[in-house]
Amino acid sequence: FEKTVGNPVMAVQPIYKTEGRILLARALYETDLFGTVDKVGVIYTADDAGNSIKAGIDVEALSLGKTANVVSAVGSGDFSAAVLAMKTAAVDVVIMAMNQAYFPTALGAMATGELDVPVLTSYVSANPYYIANANVGGNRQVYANAWVDVDFTATTGEYADYVAAINGLARLTDTEKATLRFDSFAIAGYIAFKVFEEGLRRVDDAKLALTWENYINAMEEEVIDFPLGGEVDFTSGKRWGVDTLSLLKYNKTTSLLEKAKEVESLEQIKGV
C-alpha cells in the first residue's frame, strides 16, 4: 500500500513493487558492475511475488523511457523456455522476479542453457542457501538486493547487540546460536521487533493508553531508524517498507554474499 493512513499492516521489509524499481535502476545505472546495458531481461513467475516485482520494473522502465529495452518472459516448470527467450533477445543482464522458492531452479536453468550474463534478484534470495555453485555455473555473477546493512565481522555496535540477544536465548543450542548469528531471516525478525518496540516506546513516552489507534498514530509520527540497516517511513500512511537497499554479490570461492554497493535510495542509484 503506497498511502493508507491508519493501516495496521506496517511492512518493515521493502514491498516487491519498490524492489522491482530498484532492481531495474541497478541494472541500468551501475555501469561499473554491468557495463553499458542495452537489453534487460526479466524472468518472472506468475504469482504475487513475480507479478509485483515485474510491476515495479514496468513502472520504472516507463518513467525512464526504457520500456523498449526490457524483455520479459514468464517462467514455469524448469524455466528453459524463459531462458531461451532471453538468449534470443540477446539480453545483457537478467532480473529474476520471483521469490526464493523458484530462484534456484531458474538460476540452474540459466546454467544449463548457457546464458552467461549477470543476474539480479530479490532480497528474499539474499542467502547462500539459495545460491549454490552448481546452479550459478560458468562465470555468471549473481547479485541480490539487501535491506539489512551489516558487517558480520563486527564485534561492537548494533551487530554485537543482535549477537548478544541471540546468545541470551537459553532454549537454543550453541550450534543454533552460531547459525542464527549469520541468518538473514533471524536478523529480519530482530529488526521487525525493534521497529514494533519503537511504537510502544513512543506511546509510553506520550503517557497515552496503549490502544491500536494510539500505537498507529505514534508509528506515523516520524521516520523510524532501525538497527543493522537504514530507516522505515510510515508517516502520512506510507506502507511501502524500506526503500533504501544495498546490493550483495555471491562469491563462488567462499560461497558467501559480499557487499557490492552501499545502501542507496532509488534517486541515489540514478544520480538525481
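Leaving aside its neighbours within four places in sequence, which residues is T121 in contact with? I will start there, and then move through the rings, the helices and a few single residues. Before that, please keep in mind that this is a predicted model, in which local features need pLDDT of at least 70 and side-chain atom pairs count only at pLDDT 80 or more, while totals for chains, interfaces and linings use all residues. Residues are numbered from 1 along each chain as its sequence is written, and side-chain values use heavy atoms, with hydrogens and water left out.

So, to T121. Contact here means heavy atoms within 4.5 Å, and with that rule T121 touches E19, L23, M96, M98, F103, Y143, A144 and N145, once its neighbours within four places in sequence are set aside. The residue sits in strand β4, which covers residues 119–121; helices (H or I, at least four residues) and strands (E, at least two) are DSSP runs, numbered from the N terminus. Is T121 buried or exposed? T121 is buried, because its relative accessible area is 0%, where buried means under 20% relative accessible area, exposed over 50% and partly exposed in between, with a 1.4 Å probe and protein chains only.

Y143, one of the contacts of T121, brings us to the aromatic rings. Rings of Phe, Tyr and Trp (its six-membered ring) pair if their centres lie within 6.5 Å, and planes under 30 degrees apart count as stacked, over 60 as edge-to-face and the rest as tilted. By this rule there are 7 aromatic pairs. In one of them, F34 and Y143 meet edge-to-face, with 5.1 Å from centre to centre and 80° between the planes. F34 belongs to helix α2 (residues 31–34) and Y143 to strand β5 (residues 142–146), so this pair ties together parts that are 109 residues apart in sequence. Both F34 and Y143 are buried.

A second edge-to-face pair is formed by W147 and F226, at 5.8 Å centre to centre and 70° between the planes. This pair, too, links distant parts of the chain, since W147 is in the loop between β5 and α7 (157–167) and F226 is in the loop between β6 (224–225) and β7 (231–232), 79 residues apart. W147 counts as buried because its relative accessibility is 5%, and F226 counts as buried because its relative accessibility is 3%. Elsewhere, ring pairs link F193, F196, W212 and Y215 into a cluster.

Now to the helices. How do helix α9 and helix α10 pack? Helix α9 (residues 184–205) and helix α10 (residues 212–219) pack at an angle of about 110°, with their axes 8 Å apart; axes are lines fitted to C-alpha atoms, for helices over the stretch in contact, and angles run from 0 to 180 degrees between N-to-C directions. The two helices α9 and α10 are therefore roughly perpendicular to each other, given that angles under 35 degrees count as roughly parallel, over 145 as roughly antiparallel, 65 to 115 as roughly perpendicular and the rest as oblique. On the α9 side the contact is made by V195, F196, G199, L200, R202 and V203, and on the α10 side by N214, Y215, A218 and M219. F196 and Y215, which take part in this contact, are also members of the ring cluster.

Helix α9 has a second packing partner to look at, for α7 and α9 pack at an angle of about 100°, with their axes 11 Å apart. These helices, α7 and α9, are therefore roughly perpendicular to each other as well. Here D161, Y162 and A165 in α7 meet A186, I187 and Y190 in α9.

Finally, some single residues. A90, in the loop between α4 (80–89) and β3 (93–97), has a positive phi of about 55° although it is not a glycine, and A90 is exposed, with a relative accessible area of 52%. S236, in the loop between β7 and β8 (244–251), has a positive phi of about 60° although it is not a glycine, and S236 counts as partly exposed at 43% relative accessibility. The last residue, K261, is placed in strand β9 (residues 256–265) and counts as buried at 17% relative accessibility. Apart from its neighbours within four places in sequence, K261 is in contact with R26, E30, D32, L33, S246 and L247.
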